[in-house]
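Colleague: Could you take me through how one reads a helix, its packing and its charged pairs in a model such as this one?

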Amino acid sequence: AMAVSPALLLMDRNLLARKQNARLDKQNDLGWKLFGKVPLRENVQKDSKKMPKEYEDKAGRPSKPPSPKQNVRKNLDFEPLSTTALILEDRPANLPAKPAEEAQKHRQQYEEMVVQAKKRELKEAQRRKKQLEERCKLEESIGNAVLTWNNEILPNWETMRCSRKVRDLWWQGVPPSVRGRVWGLAIGNELNITHELFDICLARAKERWRSFSTGGSEAENEDVGFSAADREASLELIKLDISRTFPNLCIFQQGGPYHDTLHSILGAYTCYRPDVGYVQGMSFIAAVLILNLDTADAFIAFSNLLNKPCQMAFFRVDHGLMLTYFAAFEVFFEENLPKLFAHFKKNNLTPDIYLIDWIFTLYSKSLPLDLACRVWDVFCRDGEEFLFRTALGILRLFEDILTKMDFIHVAQFLTRLPEDLPAEEFFASIATVQMQSRNKKWAQVLTALQKDSRETERGSPSLRH
């Protein structure tokens with residue numbers, strides 16, 4: 001073997017030591033740069049053999065040097081609770097100490113952070129407490145209202161329904177647990193539909209569905225003037241519309257718990273009123289009733305509701321009468337919101353563009369469901385007038401936004417109203433709407449316009465001024 005000179009070995013060792021020192025210095029530089037400056041290097045490199053010994057002395061027991069992954073802040077008086085507390089820490093021994101002024105500034109900053117955090121925490125706790133109090137208050141008021149409805153109002157319906165106390169309570173929203181009974185009583189049953197009649201209509205509808213599914217061609221003579229093709233188209237439309245009814249709820253979709261119930265009511269109605277048949281929009285009305293009433297009672301309420309003059313005008317597409325309703329609406333629109341009325345006129349925004357959808361579904365498609373049910377509550381109390389009053393309430397609520405929009409944007413906005421409508425603000429807006437024009441109420445204005453319309457049809461000079 002070739003002999004190596006001791007001088008060469010010493011040179012190699014020194015070179016290796018220099019490389020290691022350079023590497024350690026480089027790491028130190030990198031670490032120090034985190035503080036924004038690189039101070040002059042001090043030759044404080046410790047003997048690597050002493051490091052484990054020092055650590056052993058401090059810890060009081062033999063141990064390996066700390067791994068970089070371990071937390072080595074054992075000598076701190078406290079553990080910082082968050083990264084914000086790091087500003088209070090003294091710099092490591094091998095770094096220059098913070099100037100007193102900077103340390104004081106950091107202490108103040110930290111104290112401010114703590115104060116702000118405590119303020120935020122307190123504010124959040126107060127918000128949660130207020131929310132809880134409001135919820136408890138609401139639950140208590142609903143509980144009290146339920147007792148009042150069940151014990152006082154419903155047993156004495158005819159005598160109490162028109163009293164000021166009941167009307168005020170009604171305006172605040174009927175509690176969900178009694179809503180179905182209140183709606184049923186308020187809508188009434190002028191058509192004298194029984195549960196038996198519903199069963200008969202449903203059996204006929206099912207027979208008809210079987211006939212169509214098996215391709216049967218038996219003519220149903222009692223439906224004179226309505227071809228099998230028309231009836232089939234109507235039944236196909238029902239199937240299609242059921243899947244579009246409150247799609248977010250999923251309960252009316254195929255396989256959902258209320259799919260067949262909705263199908264049954266709509267099918268039974270086409271047998272009960274073949275002259276009206278099925279019209280788009282009906283599925284939403286039936287669905288809202290199903291959510292609040294038993295199936296047969298929902299059918300009774302549905303049939304009586306659609307028999308009201310306004311609903312019948314729209315669902316039978318009586319153009320003359322629909323135009324009269326729009327004209328009556330515009331009288332009150334101009335009276336309540338003249339600026340917006342002028343803006344709509346200028347942009348050719350006629351009431352049919354937004355009212356048809358609202359009236360056909362009684363707002364259940366356009367408004368959040370809980371809000372739509374509250375509209376239904378007062379609609380059951382006040383009748384068709386409230387549908388148009390609600391429309392004016394919506395226009396009043398969004399008047400500032402709507403006056404800045406053009407035709408397309410207004411039509412889009414009114415078709416799909418915001419989903420986060422605050423109920424109290426919404427009803428406060430409706431409450432400010434005055435349903436009186438030149439000392440005439442809604443019914444009087446509508447009657448006068450209908451009379452004018454009939455006079456015009458007969459060719460007589462219009463009496464309208």
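Modeller: Let us begin with a helix, remembering that this is a predicted model. A helix can be checked by setting its end-to-end reach against an expected span, taken at 1.5 Å a residue. Helix H6, residues 176-187, has 12 residues and reaches 17 Å from its first C-alpha to its last, which is close to the 16 Å expected.

Colleague: What happens to the backbone just after H6?

Modeller: There Gly188 takes a positive phi of about 80°.

Colleague: Which residues of H6 are buried, and which helices do they pack against?

Modeller: Burial is judged by relative accessible area, with under 20% as the cut-off. In H6 the buried residues are Val178, Arg179, Gly180, Val182, Trp183, Ala186 and Ile187. Their packing partners are helix H3 (100-153), helix H4 (157-160), helix H5 (164-171), helix H10 (282-290), helix H11 (295-306) and helix H16 (369-382).

Colleague: Which residues touch the most other members of the largest nonpolar core?

Modeller: That core has 112 residues, and Trp149, Leu395 and Leu414 are the ones that touch the most other members. If residues up to four places away in sequence are not counted, Leu414 touches Phe344, Tyr354, Trp358, Ile394, Leu395 and Leu402.

Colleague: Turning to charged pairs, how many salt bridges does the structure hold, and where do Glu124 and Arg127 lie relative to each other?

Modeller: A salt bridge is read from the distance between a side-chain nitrogen of Lys or Arg and a carboxyl oxygen of Asp or Glu, which must be within 4 Å. The structure holds 13 of these bridges, and one of them joins the side chains of Glu124 and Arg127 at 2.8 Å, N to O. Because the two residues are 3 apart in helix H3, about one helical turn separates them. Glu124 is partly exposed at 31% relative accessibility, and Arg127 is also partly exposed, at 43%.

Colleague: Is Arg273 buried or exposed, and what about Asp275, its salt-bridge partner?

Modeller: The side chains of Arg273 and Asp275 meet at 2.8 Å, N to O; Arg273 is buried, with a relative accessible area of 16%, whereas Asp275 counts as partly exposed at 32%.

Colleague: Which parts of the chain does the pair of Lys345 and Glu330 link?

Modeller: Their side chains form a salt bridge at 3.7 Å, N to O. This pair links distant parts of the chain, with Lys345 in helix H14 (residues 338-346) and Glu330 in helix H13 (residues 319-336), 15 residues apart. Lys345 is partly exposed, at 46% relative accessibility.

Key:
Residues numbered from 1 in each chain as written. Predicted model: local features only at pLDDT ≥ 70, side-chain atom pairs only at ≥ 80, totals over all residues. Heavy atoms only, no water. Core = buried A, V, L, I, M, F, W, Y, C linked by side-chain atoms within 4.5 Å. Buried < 20%, exposed > 50% of the residue type's maximum accessible area, 1.4 Å probe, protein only. Contact = heavy atoms within 4.5 Å. Helix = DSSP H or I, 4+ residues; strand = E, 2+ residues; numbered from the N terminus. Expected span 1.5 Å × (residues − 1).
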